[in-house]
Structure formats: structure tokens, C-alpha cells
Amino acid sequence: MRQFLHATLQLSARVIEAEAKAKLRASLRSDIAELHASDVQGRARAFQSMVTGGMDPDKSAALSSLLEAEESD
């Protein structure tokens, strides 16, 4: 489920958002956050591994999807 969520659904949602913005000139935000709830233990383990390895906690939280990454608009 984790691979499908991150490799397919999340990327598809971003493509749809970009297409809507470009073609419809509409701001569309797809929310698949509810699907992340089933994987909170895996994300917490990833966060812990990154922080233990010396990565900045804020960056680790964003990369492990515990916090939303900053928008680059």
C-alpha cells in the first residue's frame, strides 16, 4: 500500500493539480492524507532513522510525510 500511495496516487494527484492549474486556470488541491493514516508507524520509523542518522528533524519530518513539505509556488 505504501508503494502504491507514494509511487502512483501521490504523483497522479500532483499531475492532476498541475494540469488543472495550467488548462483550467483553477487551483485544485487533492487531499490523500487519509490514506497516510494507515502507514503512520512506517513513517515514524523512517523519521527516527533519518534523525538518528544526523538529518535535521524538520527536514526528516517533511520527507517522511509527518509534516507537509513547503509548497514551491
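1. Where does serine 64 lie relative to α4 (57–63)? Serine 64 belongs to the segment after that helix. The model is predicted, and every point below should be read with that in mind.

2. Start with the overall fold. The chain has 4 helices and 0 strands. Read from the N terminus, the order is α-α-α-α.

3. Next, burial and surface. The chain counts 73 residues, and 16% of them are buried. Its exposed area comes to about 5900 Å². Carbon and sulfur atoms supply 55% of that area.

4. Now the contacts along the chain. Take the contacts between residues at least 6 apart in sequence. Of these, 36% join residues at least 24 apart.

5. Back to serine 64. Its relative accessible area is 5%. Buried means under 20%, so serine 64 counts as buried.

6. Serine 64 has several partners. A polar atom of its side chain lies 2.8 Å from the backbone oxygen of serine 60. Leaving aside residues up to four places away in sequence, serine 64 touches Arg43, Ala46, Phe47 and Met50.

7. Helix α3 spans residues 40–52. Valine 40 lies in this helix. Is valine 40 buried or exposed? Neither label fits: its relative accessible area is 42%, so valine 40 is partly exposed, a class that runs between the 20% and 50% cut-offs.

8. Valine 40 also helps form a nonpolar surface patch. Leu66 and Leu67 are the other members. The patch covers about 240 Å².

Conventions: Residues are numbered from 1 along each chain as its sequence is written. This is a predicted model: local features need pLDDT of at least 70, side-chain atom pairs count only at pLDDT 80 or more; totals for chains, interfaces and linings use all residues. Side-chain values use heavy atoms; hydrogens and water are left out. Helices (H or I, at least four residues) and strands (E, at least two) are DSSP runs, numbered from the N terminus. Buried means under 20% relative accessible area, exposed over 50%, partly exposed in between (1.4 Å probe, protein chains only). Contact means heavy atoms within 4.5 Å. Accessible areas come from the Shrake-Rupley method with a 1.4 Å probe; for residues, only the protein chains shown count as cover. A polar contact is a pair of N or O atoms within 3.5 Å; within protein, one must be able to donate a hydrogen and the other to accept it, and residues adjacent in sequence count only if both atoms are side-chain atoms. Patches are made of residues with over 30% relative accessible area and no salt bridge: like charges are joined within 9 Å, nonpolar side chains (Val, Leu, Ile, Met, Phe, Trp, Tyr) within 5 Å. A salt bridge is a side-chain nitrogen of Lys or Arg within 4 Å of a carboxyl oxygen of Asp or Glu.
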